[in-house]
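Hi there,

Here is the structure I promised to pass on. Have a look at it first, and my notes follow below.

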Amino acid sequence: MDWTNADKEMVNRIIDEGQTYLDAQLRLATSADGRAAALAGMLTAAATALMAGLIALTIASQIKLQDKYPIFFGGGLAAALFLLAAALCIWALVPIGFYLPGNEPKSWFGDIETKKQLADALGEEAQYIQEKIEENRAAIDLNAKKFRAAAILAIVAPTTGVLVWLLSSFWERILALI
């Protein structure tokens, strides 16, 4: 795009709006990281509680061993799903390349050395801001998919654990009916 004849006030406005958008993306990503960290902690705590219960079950002498296995299967699967969901949240938290508002002064040095017109330099800056916005959006979208998958796993973990427990508790009866 040729920025030579562009209205400088308009170009400055485009850059200001782009910087504001980058700032909003940064705040959005930071709050998403906070949600992912909180959910990872809750899911890890839930998995730990389930595993502690399963460990306690191993020493319970009043329950027959064959009655414990279905609980181990269901509880173990639910704990594993909670841990997998927590891992997805942590993966969404892994630091990534993310563009921030503004730029370093040295990014303008080449323009000064080549005596580039301000309108052209600002136009290039506007295009660069747009590229940064698009790359940030891709990073936010990818982490949102990870978080969404974690939330779905967390929601189905208890129900899946109960279903596995029920199926394994009555497996012999179910096979007899077939």
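Let me start with the charges: the chain carries 15 positive and 19 negative ones, and the mean positions of the two sets lie 12 Å apart. Please keep in mind throughout that this is a predicted model.

On the overall fold, the protein chain has five helices and zero strands, so the pattern along the sequence reads α-α-α-α-α. The radius of gyration is 27 Å, well over the 16 Å that the globule rule gives for 178 residues, so the chain is more spread out than a compact globule. Along the principal axes, the C-alpha atoms fill a box of roughly 85 × 35 × 20 Å.

Some totals for the whole chain may be handy too. Of the 178 residues, 28% are buried. The exposed surface comes to about 11,600 Å², with carbon and sulfur atoms supplying 67% of it. If you take the contacts with a separation of 6 or more, 85% of them are between residues 24 or more positions apart.

I then went through two residues in detail, beginning with Tyr99. This tyrosine is in the loop between helix H2 (65-93) and helix H3 (109-113). Is Tyr99 buried or exposed? Neither label fits: its relative accessibility is 28%, and because buried means under 20% and exposed over 50%, Tyr99 counts as partly exposed.

Which residues does Tyr99 touch, leaving out those up to four places away in sequence? They are Leu22, Tyr128, Lys132, Glu135 and Asn136. With Glu135 there is also a polar contact between the side chains, at 3.3 Å. Ala139 is 40 residues away from Tyr99 along the chain, and the C-alpha atoms of the two are separated by 10 Å.

The other residue is Asn136, one of the contacts of Tyr99. Asn136 belongs to helix H4 (residues 118-169). Its relative accessible area is 0%, so Asn136 is buried. Beyond its neighbours within four places in sequence, Asn136 is in contact with Leu22, Gln25, Phe98 and Tyr99. Leu22 therefore turns up twice, as it touches Tyr99 and Asn136 under the cut-off of heavy atoms within 4.5 Å.

If you open the model, the contact between Tyr99 and Asn136 is a good place to begin, as it links the loop between H2 and H3 with helix H4.

Happy to hear your thoughts.

Best wishes

Notes. Residues are numbered from 1 along each chain as its sequence is written. This is a predicted model: local features need pLDDT of at least 70, side-chain atom pairs count only at pLDDT 80 or more; totals for chains, interfaces and linings use all residues. Side-chain values use heavy atoms; hydrogens and water are left out. Helices (H or I, at least four residues) and strands (E, at least two) are DSSP runs, numbered from the N terminus. The radius of gyration is taken over C-alpha atoms; the globule rule is 2.2 Å times the number of residues to the power 0.38. Buried means under 20% relative accessible area, exposed over 50%, partly exposed in between (1.4 Å probe, protein chains only). Accessible areas come from the Shrake-Rupley method with a 1.4 Å probe; for residues, only the protein chains shown count as cover. Lys and Arg count as positive and Asp and Glu as negative; His and the chain ends are not counted. The place of a charge is taken as NZ of Lys, CZ of Arg, CG of Asp or CD of Glu. A polar contact is a pair of N or O atoms within 3.5 Å; within protein, one must be able to donate a hydrogen and the other to accept it, and residues adjacent in sequence count only if both atoms are side-chain atoms.
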